[in-house]
Amino acid sequence: MVDRRGGGKQQRIAVSAGRFNHAAKYDDGVTVSTGGFSEGVVTEEGAGAMTGATYVLFTVRVRNGSEHTLDLSAVVPTMVYGPDQVPAAPLYNGVQVADLVGKVAAGGSTEGTYAFMVPADATKTALYLDLNGTHAPVTFTGDLP
């Protein structure tokens, strides 16, 4: 669980909304983009496995265009789909995923890879990515590539 309370009301750095396969830019110069989308079917078996479920796998790239080190030790990704914005379950087994983690120096960049179980016919998909307590969550929307 990530605690974002801080100790008072804190103004978070604003960001433009993004679309899948495009970048969103924060007011301090940090940019976040999604790409490398692929689909698959869960083949894992055993306790907790949802064999046969479809999933989407993608990369999130963060470039630190600010003047300060960017802390990514508490990134929270959430994907939803459909008119009711149903939360998509994250997938960790049977796919190559890697969370955004650590610190990124000014001018540096890093990537993370995420997978979420999403029906093949899903519509109105959105990815909410909360980087840290300093930056406002960024929203990526659109049809999954």
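These are my notebook entries on one protein chain and on what I looked up in its structure.

**Entry 1: the whole chain**

I note at the outset that I am working with a predicted model. I began with the secondary structure, and I found 0 helices and 12 strands in the protein chain, so that reading along the sequence gives me β-β-β-β-β-β-β-β-β-β-β-β. I then asked how the chain fills space, and I noted that its C-alpha atoms occupy a box of roughly 45 × 30 × 30 Å along the principal axes. The radius of gyration is 16 Å, and this agrees with the value near 15 Å that a compact globule of 145 residues would have.

What share of the 145 residues is buried? I looked it up and wrote down 36%. For the surface, I recorded that the protein chain exposes about 8200 Å², of which carbon and sulfur atoms supply 50%. Among contacts with a separation of 6 or more, 69% join residues that are 24 or more positions apart. I also looked up the charges, and the mean position of the 10 positive ones lies 10 Å from the mean position of the 14 negative ones.

**Entry 2: the antiparallel sheet**

I next followed an open sheet of 5 strands, which has the order E2-E3-E4-E10-E8 and antiparallel pairing. Which strands stand at the edges? They are E2 (23–25) and E8, and because each has a single partner strand, one side of each is left without a neighbour in the sheet.

Inside this sheet I looked at strand E4 (residues 54–63), which is joined to E10 by 9 bridges and runs antiparallel to E10. As one example of this pairing, I noted that Leu57 has Ala115 in E10 as its bridge partner. Strand E10 (residues 109–117) is also joined to E8, by 2 bridges and again in the antiparallel sense.

**Entry 3: Pro90 at the sheet edge**

I chose Pro90 for a closer look, and I found it in strand E8 (residues 89–90). Across from Pro90, in E10, stands Phe116. When I set aside the neighbours within four places in sequence, the contacts of Pro90 were Ala115, Phe116 and Met117. How far apart are Pro90 and Val118 in space? Their C-alpha atoms are 9.3 Å apart, although 28 residues separate the two in sequence.

I then asked why Pro90 counts as partly exposed. Its relative accessible area is 39%, and partly exposed is the class between the cut-offs of 20% and 50%, so the value falls in that class.

**Entry 4: the mixed sheet**

A second search gave me an open sheet of 5 strands with the order E1-E12-E11-E6-E7, and here the pairing is mixed. Strand E1 (18–19) and strand E7 (86–87) are at the edges, each with a single partner strand, so one side of each is left without a neighbour in the sheet.

I wanted to see where the mixed pairing shows, and I found that E1 and E12 run parallel and are joined by 2 bridges, with Thr141 in E12 as the bridge partner of Arg19. By contrast, E11 and strand E12 (residues 138–142) pair in the antiparallel sense over 5 bridges, and there Tyr128 stands opposite Thr139 in E12. Strand E6 (residues 76–81) is likewise antiparallel to E11, with 5 bridges joining them, and Met79 has Leu127 in E11 as its bridge partner.

Is strand E11 (residues 125–130) largely enclosed or open? I noted that 5 of its 6 residues are buried, so E11 is largely enclosed by the rest of the structure.

**Entry 5: two loop residues with positive phi**

Before the last search I reminded myself that most residues other than glycine have a negative phi. I then found Asn21, which is not a glycine and yet has a positive phi of about 70°. Asn21 sits in the loop between E1 and E2, and with a relative accessibility of 41% it counts as partly exposed.

The other residue I wrote down was Lys124, with a positive phi of about 50° although it is not a glycine either. Where does Lys124 lie? I located Lys124 in the loop between E10 and E11. Its relative accessible area is 56%, and because exposed means over 50%, Lys124 belongs to that class.

Note on methods: Residues numbered from 1 in each chain as written. Predicted model: local features only at pLDDT ≥ 70, side-chain atom pairs only at ≥ 80, totals over all residues. Heavy atoms only, no water. Helix = DSSP H or I, 4+ residues; strand = E, 2+ residues; numbered from the N terminus. Rg over C-alpha atoms; globule rule 2.2 N^0.38 Å. Buried < 20%, exposed > 50% of the residue type's maximum accessible area, 1.4 Å probe, protein only. Contact = heavy atoms within 4.5 Å. Areas by Shrake-Rupley, 256 points an atom, 1.4 Å probe, with all protein chains shown as cover. Lys, Arg positive; Asp, Glu negative; His and termini not counted. Charge placed at Lys NZ, Arg CZ, Asp CG, Glu CD. Pairing = 2+ DSSP bridges.
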